[in-house]
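Work through the exercises below with the model open beside you. Try each task before reading its solution.

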Amino acid sequence: MMTKKEFEQSLSEHAATIEEIRQTAWDLHRSVGQTYGDTLPYGHHLDMVADAIRRFGHLVAVEEGDVLPLMFGGYYHDSIEDARQTYNDVMKAARRWLTDEQALVATEIVYALTNDKGRTREERAGERYYAGIRETPFAPFVKLCDRFANVAHSCQSGDARNQRMKGIYSHEMPHFLSSIVPQSDDPRRQVPQVVVDEMMQFLL
């Protein structure tokens, strides 16, 4: 496992690459006109997810080679679902900055976090979807950071839509957490309790 200091040092060493990944993810979602809520650029959400990964990624990263796939997964996690990318598109993008092995890890994170086809929220995030997350290295953690970002935003914004989403997230939380926790000792597939505890504070 990496220490927090080692993880932060790796983030610093790869800062230029991470910024390129960030900018391309922002541009990708901007190109399809996607926003976060009614007014914010979708990149606002991507930054929130990436910030959570920066804070807590040392809890799941095993080695320095895990850092870029984690950050790429955070910035690109909605690119197939929302930005009209295919699995191969994401793989091609990842290979711009990552080794083939890292690109596969990163692309699998994105693929695992892509909702299934469905008419309702429950159908789009059913058992097959969550099974894919549990089985994919780093996907439970990145999904947790995604939910952490959404919960934080909904609880910090006072408009009616976000208040409604706060209620939804609160109602879903027991099922959500039980669905992403794997039956595995693999540190890359863990759901750090400290992240869960901080997220739950928003819902109190």
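Four exercises follow, on cysteines, the core, helix packing and one alanine.

This is a predicted model, in which local features need pLDDT of at least 70, side-chain atom pairs count only at pLDDT 80 or more, and totals for chains, interfaces and linings use all residues. Residues are numbered from 1 along each chain as its sequence is written, and side-chain values use heavy atoms, with hydrogens and water left out.

**Exercise 1. Cysteines**

Task: Count the disulfides, then place C145.

Solution:
- Start with the rule: a disulfide is a pair of cysteine sulfur atoms within 2.5 Å.
- By that rule the count is zero.
- C145 is in no disulfide; its nearest cysteine sulfur belongs to C155, 16 Å away.
- Seen from C155, the closest cysteine sulfur is that of C145 at 16 Å, which is too far for a bond.
- C145 has a relative accessible area of 0%, so C145 is buried (under 20% relative accessible area; exposed is over 50%, partly exposed in between; 1.4 Å probe, protein chains only).

**Exercise 2. The core**

Task: Find which residues touch the most other members of the largest nonpolar core.

Solution:
- A nonpolar core is a set of buried Ala, Val, Leu, Ile, Met, Phe, Trp, Tyr and Cys residues joined through side-chain atoms within 4.5 Å.
- The largest one has 64 residues, and L70, F72, Y75, Y76 and L144 touch the most other members.
- Helix α10 (residues 139-156) gives the most to this core: nine residues. Helices here are DSSP runs (H or I, at least four residues), numbered from the N terminus.
- Now take F72. Leaving out residues up to four places away in sequence, F72 touches I21, V90, A93, A94, W97, A106 and V110. Contact means heavy atoms within 4.5 Å.

**Exercise 3. Helix pairs**

Task: Classify how α10 packs on α12, and α1 on α4.

Solution:
- Axes are lines fitted to C-alpha atoms over the stretch in contact, with angles from 0 to 180 degrees between N-to-C directions.
- α10 and α12 (residues 193-202) pack at about 20°, axes 9 Å apart.
- α10 is therefore roughly parallel to α12 (under 35 degrees; roughly perpendicular is 65 to 115).
- Contact residues include L144 and F148 of α10 and V195 and F202 of α12.
- The axes of α1 (residues 4-13) and α4 (residues 67-76) come within 10 Å and cross at roughly 70°.
- So α1 and α4 are roughly perpendicular.
- F7, S10 and L11 of α1 meet V67, L70 and M71 of α4.

**Exercise 4. One alanine**

Task: Is A94 buried or exposed, and what does A94 touch?

Solution:
- A94 lies in helix α6 (residues 87-94).
- Its relative accessibility is 0%, so A94 counts as buried.
- A94 touches F72, A103 and T107, not counting residues up to four places away in sequence.
- A94 and A106 are twelve residues apart in sequence, yet 7.1 Å apart in space, C-alpha to C-alpha.

Key
Helices (H or I, at least four residues) and strands (E, at least two) are DSSP runs, numbered from the N terminus. Angles under 35 degrees count as roughly parallel, over 145 as roughly antiparallel, 65 to 115 as roughly perpendicular and the rest as oblique.
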